[in-house]
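Trainee: Please take me through one part of this predicted model closely, and then add what can be said about its largest pocket.

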Amino acid sequence: MIPVASRIRGFTYAIRNIVAEAKKVEASGTRVRYLNIGDPIPFGFHTPAHMIEAVERALRDGHNGYAPSVGILPAREAVTAECVNRGMPMTPDRVIITSGTSEGIELALTALAESGDEVLVPTPTYPLYTAVLAKIGARAVFYRTDPDRGWQPDLDHVRSLITPRTRALVVIDPNNPTGASYPDPTRLALLEIADRHNIPLLADEVYADLAFDGPVPAFSRQHHDAPVITFSSLSKAYLAPGWRSGWMAVGQNERLDDVLAAIKKLADGRLCSNGPMEHGLVAALNGDRSHQAAFRAALRERAILSHERLNAIDGITSVMPSAAFYAMPRVALPPGTTDEDYVLALLRATGVLCVYGSGFGTDPADGFFRIVFLASPAELSDVYDLIAEFTRDYLARGR
Ligand SMILES: Cc1ncc(COP(=O)(O)O)c(C=O)c1O
């Protein structure tokens with residue numbers, strides 16, 4: 001056998017890893033309902049036509065060569081305007097167009113953390129952060145977000161975890177997997193921590209337009225002296241996840257100038273993001289956004305339905321999300337069982353595929369699992385019938 005690098009052992013991504021199990025269930029003849037991946041397209045939401053036309057035009061007009069490694073100027077200008085309109089001062093020379101938020105995250109963490117360094121990551125977290133940190137040999141240090149306080153971050157816990165090796169503070173707001181968004185005082189406290197300790201705050205704002213009450217302002221808006229790098233993409237609010245098109249913007253703060261230069265150096269090495277999609281990104285940010293209001297309304301309806309139906313199940317509690325398309329319910333597991341046991345048993349018995357909370361960093365015994373609620377209300381209603389019936393039996397067996 002040809003050996004693989006040891007770093008692969010630490011690289012896990014439960015959202016996709018669990019699909020192997022679903023394929024087995026499917027092969028046995030059960031219909032699987034894939035509620036594991038946050039992709040609106042399979043659920044009947046459509047990429048806006050003007051974005052598709054812009055990419056088609058770019059392809060036909062010959063924009064098929066390499067783009068500049070930081071991205072084409074009109075795309076960087078569009079991102080700059082987006083940042084400024086949200087309250088984050090920006091100039092195009094501090095913007096890099098990336099292959100999704102994911103590539104921005106990887107570039108930033110690679111530029112910031114040495115092997116053995118520490119990065120503060122929320123728990124539960126979007127798992128790419130821990131996966132990338134495993135790859136570069138840095139350590140994820142988890143700060144709590146609290147389901148009993150609407151999944152808000154525990155600020156004292158954040159403060160208590162800072163050491164001389166802390167190289168970044170990751171904040172996901174609005175959040176995947178919890179669907180929480182953070183109020184101004186919480187945001188300001190996090191910005192002050194970053195400022196005082198000279199730690200770059202990596203603001204994952206990929207769901208900023210998908211708060212049910214309307215877009216949330218830039219994370220950095222209240223404190224422009226804090227060192228903030230922001231990330232977003234076309235994947236969620238612009239309904240084009242397969243395009244792999246996103247951006248990062250490095251805050252106008254001279255403390256971040258070396259980091260910006262390092263990120264650009266790394267970006268040179270991967271040549272560029274997907275060129276034709278950069279034209280779609282310009283059309284997205286500069287064009288009609290009316291699809292977003294309709295999308296937010298659809299998400300709110302599904303969130304309310306999910307919240308009511310989940311909390312009506314004996315043994316399950318769930319916090320009402322305020323953004324995005326995720327709920328993170330908790331099932332009171334029988335002693336000795338794990339969240340993964342429950343999720344796999346649910347899959348095998350009903351074909352409903354969720355992701356166990358420990359895939360996002362929660363304790364396996366705590367019984368959290370994540371549901372993507374993008375399916376139609378009728379389909380979701382069937383799903384919650386299945387979960388209710390299954391959970392009643394599962395918990396009765398454990399008693
Ligand atoms: C919080 C968060 N960050 C980043 C990503 C990755 O998104 P992209 O498709 O822009 O790489 C996701 C995708 O689900 C996400 O939920």
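Mentor: Helices, as DSSP runs of H or I with at least four residues, and strands, as runs of E with at least two, are numbered from the N terminus, and I will use those numbers throughout. The part I would look at is strand 3, residues 118-123, of which 6 of the 6 residues are buried, so that this strand is largely enclosed by the rest of the structure. Buried here means under 20% relative accessible area, and the burial applies to both faces of strand 3, with Glu-118, Leu-120 and Pro-122 on one side and Val-119, Val-121 and Thr-123 on the other. Strand 3 pairs in the parallel sense with strand 4, residues 139-146, over 6 bridges, and within that pairing Thr-123 has Arg-144 as its bridge partner. With helix 6, residues 128-136, these two strands form a right-handed β-α-β unit. Strand 3 also runs parallel to strand 6, residues 166-172, to which 3 bridges join it, and there Val-119 stands opposite Ala-168.

Turning to the largest pocket, about 510 Å³ of space lies in it, and among its 24 lining residues the closest to the centre are Tyr-13, Ser-102, Tyr-126, Lys-236 and Arg-244. The elements that give two or more residues to this lining are helix 1 (14-17) and helix 5 (100-112), and helix 5 gives the most, with 3 residues. By class, the lining of the largest pocket comprises 11 nonpolar, 7 polar and 6 charged residues.

Conventions. Residues numbered from 1 in each chain as written. Predicted model: local features only at pLDDT ≥ 70, side-chain atom pairs only at ≥ 80, totals over all residues. Heavy atoms only, no water. 1 Å grid on protein atoms, 1.4 Å probe; cavity = no way out; pocket = protein on both sides within 12 Å on 5 of 7 lines; lining within 4 Å. Points joined across faces, edges and corners; volume = space filled by probe spheres on them. Nonpolar A, V, L, I, M, F, W, Y, C, P; charged D, E, K, R; others polar. Buried < 20%, exposed > 50% of the residue type's maximum accessible area, 1.4 Å probe, protein only. Pairing = 2+ DSSP bridges. Right-handed = clockwise from strand over helix to strand, strands pointing away.
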